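Student: I am new to this structure. Please take one part and go through it closely, then show me what else is worth a look.

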Amino acid sequence: MTTRVRFAPSPTGYLHIGSARTALFNYLFARNTKGKFLIRVEDTDRQRSTEESLSSILDGLKWLGFAPDEEIVFQSNNADKHRLAAFKLLEEGKAYRDFTPKEDRSEKDIKRDIADRARKQGDKKDMRDNKYRELTKAESDSKAEAGEPFAIRLKVAETGKTSFEDAVYGPQERDYADIEDMVLLRSDGHPLYNLAVVCDDLEMRITHVIRGQDHLTNTHKQILIYEALGEEKPVFAHLPLILAPGGKKLSKRAHGEIVSMDLYREKGFIADAFRNFLALLGWSPKDENEILNHDQLIESFSFDGINRSNAAFNFDANNPKRWTDDKALWMNAEYIRTMPLDELIPLVREELRGEKLWREEYDEEEKRWFEETIDLIRERFYTLKDFSEQGRAFFSEDFDYDPKAINKNLKKHPDLREWLPELAERLEGLDDFTHDGIFAAVKSLCADKETKVGVILNGARVLLTGQAVGPSMVSAIEQLGKEKTVMRLKSQVAWNE
RNA sequence: GACCGGUUCGUCUAGGGGUCUAGGACACCGCCCUUUCACGGCGGCAACACGGGUUCAAAUCCCGUACCGGUUACCA
């Protein structure tokens, strides 16, 4: 049997980092088992669903590389089938009409409202106390015919329990007494989540339902629906949640853009690296190598590598250097400096284009120079943004000097004001403008001035690149070329900043 | 409140009765390399929530407590 899994986002916002990981695990499982990965858009909440949200989610999935194997299913298109299922259960006596007037819930604080009420009820609540539950068929029919509005609720048995074996959490049980007669169909004819999910998963022939742990208790309700429908249930695998630092809920409201996948693309993450990081949040491979590319992730993925406890996404909103999880940043840097150059170049090209730093020559007569430059400067970069920011001086005359670099490496050694132009002169007269020739010139200047090589090179770095850090400076000088090097070393602009 | 999950270094995690004086990764710190640095190499710091059992032996099994999370809608 081929496995079939689905990722089922509801288009009511951005692509949450936790949803992205759910999509990832579904995708990995599908590929690992040579099955199908499907996408179902759960757009039945018409008030909250938007086009923008949908395209943002789809874009995010595309960026991560999770293309669906079949056409995307829109849940709202299946409403008729859901209704049919509800009426079938009603017909068979497995569900009943509830004529209780619909309550008006104020949009605000619904969740708190519900929790408060539940707290008051304590454990005394009888889940079967609906007075319409035992109405005879004739009574129910006549009320319905008279035009009285009704919702359809599932008739959950008085005693017994649901049980299933979760592929991650193991055996699960829940007593019927703890499950209410949930509404299947709203009084306005609108099918509800649990019914819709079950019907669609059946229709799509889903074999494994892989989703967040927040659905663990829902699963029992859905099992009741599978049973009422007389259908086989799929395998369930629930995933631990991704929490904010301190173990609190991670939300856009409280934590901002950091929860949205869009941000990572904008900030210069490489999809491969981010996928790798995401996979390690709640899952771990058998051996100790944590750097796993797309194919390696697929190959090593399995449910028993999934951890059962929630993971905290670690970042510090007050520290720009730690705007997101350290490990994610490190992972991205690792990919940038080790991935094949021909895979990196197109990504850098996009970045430079976006910042108006790209020149067509980089693909033609200056291709070689460009590749060498990228290979040189990528060594200490963390994101693709660094190519256009810290690396800007390699592609443009219009770059800024980092004030910290000026103070630390220039102004602390006032002599550099004379020494660096002198270095420029010496380099200008150099026939052999290669690494060794440049280094020899630097060393002889150091000897003459009785200073350390580091002082000269650090100072030169500021004037040449505007930065305090970077790759081997001698190589950088060679890469920049004589003309630019001489010009920048003679410039006094930085001294006046 | 009730029900359901969870709890190993700061963070992500390995481990599921003896091999655990608890392994790896990130971060942090030190040293080395070097021509400076956010590269690299080597090393260090640092954890089994707590209390009871069971057992010759418990991070691992059982019970309780605490804390955290989820669910508790005519939302998804």
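Tutor: What follows starts with one helix and then moves on to other parts of the chain.

The model is a predicted one. Our part is helix α10, which covers residues 271-279.

Is α10 mostly covered or mostly open? Take the count. Of the 9 residues in α10, 8 are buried, and the helix is mostly covered. The buried ones are Ala271, Ala273, Phe274, Arg275, Asn276, Phe277, Leu278 and Ala279. An arginine, Arg275, is in that list.

What do these buried residues pack against? Their partners are helices α1, α2 (51-64), α9 (261-266), α11 (294-300) and α12 (326-338).

Look at one of these partners, α12. Two packed helices are described by the angle between their axes and the distance between the axes. For α10 and α12, the axes come within 9 Å. They cross at roughly 140 degrees. That angle makes α10 oblique to α12. The crossing is right-handed.

Now the residues at that crossing. From α10 come Asp272, Ala273, Asn276 and Phe277. From α12 come Lys327, Ala328, Met331, Asn332 and Tyr335. The residues of this contact divide into 5 nonpolar, 2 polar and 2 charged. Ala273, Asn276 and Phe277 are also on the list of buried residues in α10.

A second helix pair can be read in the same way. Helix α18 spans residues 435-449, and helix α19 spans residues 453-465. They pack at an angle of about 120 degrees. Their axes are 9 Å apart. These two helices are therefore oblique to each other. α18 passes α19 in a right-handed crossing.

Which residues meet there? Phe439, Val442, Lys443, Leu445 and Cys446 belong to α18. They meet Val453, Ile456 and Leu457 of α19. The contact holds 7 nonpolar residues, no polar ones and 1 charged one.

Go back to α1 and α2, two partners of α10. Leu15 sits in the loop between β1 and α1, and α1 runs over 17-32. Is Leu15 buried or exposed? Its relative accessibility is 2%, so Leu15 counts as buried. Setting aside residues up to four places away in sequence, Leu15 touches Phe7, Ala20, Ser56, Ile57, Gly60, Leu61, Val259, Ser260 and Met261. Leu58 is 43 residues away along the chain. Even so, the C-alpha atoms of Leu15 and Leu58 are separated by 8.3 Å.

Next, the strand before that loop. β1 (4-7) belongs to an open sheet of 3 strands, in the order β1-β2-β3. The pairing is parallel. β1 and β3 (73-74) are the edge strands, and each pairs on one side only. Strand β2 covers residues 36-41, and 4 bridges join β1 to it. One pair to find is Arg6 with its bridge partner Leu38 in β2.

Another open sheet also has 3 strands, in the order β4-β5-β8. Here the pairing is antiparallel. Its edge strands are β4 (95-98) and β8 (183-185). Neighbouring strands of this sheet are turned by 40 degrees against each other on average, direction ignored. β4 pairs with β5 (residues 151-154) over 4 bridges, in the antiparallel sense. Asp98 stands opposite Ala151. Arg97 stands opposite Ile152.

In a regular strand the side chains alternate between the two faces of the sheet. What covers does β4 have on its two faces? Both faces are covered. Ala95 and Arg97 are on one side, Tyr96 and Asp98 on the other, and all are buried.

Finish with two loop residues. Lys34 is in the loop between α1 and β2. Its phi is near 60 degrees, a positive value in a residue other than glycine. Lys34 is exposed, with a relative accessible area of 68%. Arg205 is in the loop between α6 (193-203) and β9 (208-212). Its phi is near 55 degrees, again positive in a residue other than glycine. Arg205 has a relative accessible area of 54% and is exposed.

Terms used:
Residues are numbered from 1 along each chain as its sequence is written. Chains are lettered from A and ligands numbered from 1 in the order in which they are written. This is a predicted model: local features need pLDDT of at least 70, side-chain atom pairs count only at pLDDT 80 or more; totals for chains, interfaces and linings use all residues. Side-chain values use heavy atoms; hydrogens and water are left out. Axes are lines fitted to C-alpha atoms, for helices over the stretch in contact, and angles run from 0 to 180 degrees between N-to-C directions. Angles under 35 degrees count as roughly parallel, over 145 as roughly antiparallel, 65 to 115 as roughly perpendicular and the rest as oblique. A crossing is left-handed if the near helix is turned anticlockwise from the far one by less than a right angle, and right-handed if clockwise. Contact means heavy atoms within 4.5 Å. Ala, Val, Leu, Ile, Met, Phe, Trp, Tyr, Cys and Pro count as nonpolar, Asp, Glu, Lys and Arg as charged, and the others, Gly among them, as polar. Two strands pair if DSSP finds at least two bridges between them. Buried means under 20% relative accessible area, exposed over 50%, partly exposed in between (1.4 Å probe, protein chains only).
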